[in-house]
Amino acid sequence: MKGFTSRATAVALAVLAHVALAAANPIVLHDALQREVRFARPPERIITLLPSLTEMVCALDACGRLVATDRFSNFPASVRTLPKAGGLDDAQIELIVSLKPDVVLLSHVARLTDRLQELGVVNFVIETETYADIGRAADTIGAMLGSPQRAAALRRAMLSAVDEVARQSQRALGARSPLVYYEVDAAPYAAGPQSFIGTLLARLGARNIVTAELGAFPALNPEYVVLHDPDVIFASPADAGNLGRRPGWDRIRAVREHRVCAFSADVRDTIVRPGPRVAEGMQAIADCLDRVAP
Amino acid sequence: MPEAGRTLDQPLPFATPGISCRDLSVAFGSRRVLDRVSLELAPGRWTAIVGPNGCGKSTLLRTMAGLVVPQAGSLELHGRPLQAWPRRERARRLAWLAQNTLASDLSAYECVALGRFAHIGWLGQAGPADVAAIRRAMAATGSLPWGGRRLSSLSGGERQRVSLARVLAAEASVLLLDEPTTHLDPPHQEDIARILRRQAWECGTTVLSAIHDLSLALMADRLIVLGVGAVVGHGTVREALAQNWLSVAFGTPVSIISHDGAFLWRPRLEAQAEIRRQSG
Amino acid sequence: MSIAHASLSGEALALLGREQASRFLPWLTVCLGITLLLTGASLVVGTSDVHTSITWLMSPDAMSDTVLWHIRLPRAVGAWLAGALLGLGGAIAQSLFRNPLADPYLLGSASGAALGVTVSLLAVDASLSGFAWVGGVGVTAAAFIGACGAIALTVALSRGVLETASLLLAGIVVAFVLSAVTSLLLLRSPDTWRTMQTFLLGNTGFLDWRGAALLGAVLLCCFVPAIALSRGLDALMLGEDTAASLGLSLPGLRLMLLVLLSLATATTVGQVGLVGFVGLVAPHLVRQTLHVSQRQLLVAAPVCGGALLQAADLISRWAIQPAELPVGVVTACLGGCYLVLLLWRRTRNA
């Protein structure tokens, strides 16, 4: 009896201590702007203004805590019914404030963060540009939600999925190292090696016709593409059929031999969002590469 | 130069009037500018329109030139209704001079040459007859030395002479001139008066000019005196003076003196003396 | 007989003075010489360095054949033709509206073209089968139809071509309203925004021989009637009332000029997007350096505009090689500099 009582007391003390500790130690995080943000307890009402952040929150099983998203968030399906608070550039401040969120997750837009700050809405800036940001975002949001272990597990799962895709792709490609041109828009704007897409392509073993010093998304002279003669071209479905009409492009190997990859809008979403579905996007690229690379 | 007033005794050379209007009424919105004006202008005569500011001189000329559509009344050119004339035909017979000549990059020669547009047309070349007409017109107005200069580099008076040359070059049978002498110095004003008189008498042109300088206007053969929108009187200069149309139209006594066969407006010396007295 | 002397006999020339005729031809020659230089430079400048290009010219191979004669040359020629059309349009607009700072986009054609392109881009993504054909029409044709439609709307709004002032006012209204509609449509599909931006900033990157041939044909179709109407344009400079009294049919002249203006502008916008300032600067520059009649202006303005756009295209390709600047940005910079220079000279002389 004496042992039980002492053990119960110890447990009770431990619980009390834990609670006290939790109360005394709020979650302190620094966002991408180096601002210190304190959470007394994990936020219950979250608004996300970036599709990748929405997907990350849902991947950490906190979908139920979302009260609103931006208009472009469309995965998973459950978020489609949530109220939409506009985009980053035209966020609906009134809607955001009226929903009384505990935190708003967004990427850096000066006017928006300042305004929310003025109005007393807790906002947290998370960078989601590069491949490395994905893991960091997972950790940060996990810490915020009070489930760092789950975040770590997610991160490990994402990275291993990416590694797996990369490994399989390189095995499938074998000795082939295709020269790739990824067209983001018809100007033509290309994805350079420093961009997120460029990083994915590099991991899959493809070479990019764009060199690093040109930047992340350079507006190329169309002649450049002709001169470098890529083996595979990634374009939007609307442009994919008309590549041959561009002056001089019928000479490009990828155009002549129909080695063009075009993804639907849904698949494109997984590719351009640095979020938990990165492996899916990579798989789509890898499949197409394997199919059409010479 | 024949004296003003001698024309009464000479028969008019043509039977049909050059240009005429009957019960012409023009209104801009709710403002009536001309009210039932009826006139007949015979060819071979130089008629001057006078009247106070805003009496409708410019509007009358513009309506006769076909630039303003009258609310009521009829206009006839050489016996045919104005609207019945095809545009180019009408432009060959009728030339209009605007009050102000716009400065532009056109050269003086090109401006005068445009007066021959009705004869040359869009694509034609200027033939020897056209060039001769242009040359005559420029010589008459003394604008030959400025042939190659831009209108924008000429003074207001020089531009006016170039425009007058343009109107003369058209060799029309009816000339409607809105203030052709306003910017000119007195010697040139007399030159223009001489040209208009010669044009009317020797070429049989119907010349109608709005002139606000009374002495100059009184050099014409006939006068139309406009009150506010209505014709106070239309006749020879002597008739105008005898029936005191000018005083009626201007609303104040207008005294005209006769000197050496010419009629001159007599300035009100008493008023001028008072102005000088006020300035000390 | 040269164009300068075309309407003058020897006697008339004596009246006119030789000084006017003599400056036009040397100016024209210099301009055409600059054009040849720029075309040559266009062959050599691109994503490869000058040395490589010259090597290509010496010893051509399949790649150089494509790059030089199928990419660079049609681009240079097309840019010249597009600039010439804009210069011609600008000359017509400045004479028609008696405003030395008018540009060919005055009657809402720019906004109309932008709306046409937006609709065609959206229709490509749209699932409404009824609009699928719109997407199939292509950006080029959509811009053309949009521009023509906007001008037609302007003319309808001003109830015909009877008054220049009401045409201008209607043009402003149409430009604003169509811009607003375009913006509303773009909000629904933000993916098309980047493509729209390319169009709005001008892009000579995809000019091929077919586009150049189209531009050339339209230039001829607009140039010849414009020259035929040049006497009327001269008369317009005397004022509208005087021109009417000379025997011109003003509504007929205005309608013809509007048709030529819309054809020139719409074709150019379809091929190279919205390139600003060329239509304004080319005729203005001609008037500043030469004093010309309308007929000579209608020849000189296209030549000047062509050289301007060619130069801008060259700069856009060369400045951040191998990336490209939008050509509309370059023309805006050049045009802005020119206007600043004008302003500075004016305040200095005052």
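Trainee: How many residues of chain C are in contact with chain A?
Mentor: In this predicted model, 20 residues of chain C are in contact with 19 residues of chain A.

Trainee: Which elements of chain C each supply at least two residues to that side?
Mentor: Two are listed: α4 (62-96) and α9 (193-201) of chain C.

Trainee: And which gives the largest share of the side touching chain A?
Mentor: That's α4(C), with five residues.

Trainee: How do the residues on that side divide into nonpolar, polar and charged?
Mentor: On the side of chain C that touches chain A, seven are nonpolar, nine are polar and four are charged.

Trainee: Switching partners. How many residues of chain C are in contact with chain B?
Mentor: There, 28 residues of chain C meet 27 residues of chain B.

Trainee: Which elements give two or more residues to the side touching chain B?
Mentor: From chain C, α1 (10-16) and α2 (18-44) do. So do α11 (230-236) and α12 (240-245) of chain C.

Trainee: What about nonpolar, polar and charged on the side that touches chain B?
Mentor: That side of chain C has ten nonpolar residues, twelve polar ones and six charged ones.

Trainee: New topic: chain C by itself. How many helices and strands does chain C have?
Mentor: Chain C has 16 helices and zero strands.

Trainee: What percentage of chain C counts as buried?
Mentor: Chain C has 350 residues, and 53% of them count as buried.

Trainee: Last one. Take contacts in chain C with a separation of 6 or more. What share comes from residues 24 or more positions apart?
Mentor: Such pairs make up 78% of those contacts in chain C.

How values were computed: Residues are numbered from 1 along each chain as its sequence is written. Chains are lettered from A and ligands numbered from 1 in the order in which they are written. This is a predicted model: local features need pLDDT of at least 70, side-chain atom pairs count only at pLDDT 80 or more; totals for chains, interfaces and linings use all residues. Two residues are in contact if their C-beta atoms, placed from the backbone, lie within 7 Å. Helices (H or I, at least four residues) and strands (E, at least two) are DSSP runs, numbered from the N terminus. Ala, Val, Leu, Ile, Met, Phe, Trp, Tyr, Cys and Pro count as nonpolar, Asp, Glu, Lys and Arg as charged, and the others, Gly among them, as polar. A residue is buried if 20 or more other C-beta atoms lie within 10 Å of its own, exposed if 12 or fewer, and partly exposed in between; C-beta atoms are placed from the backbone.
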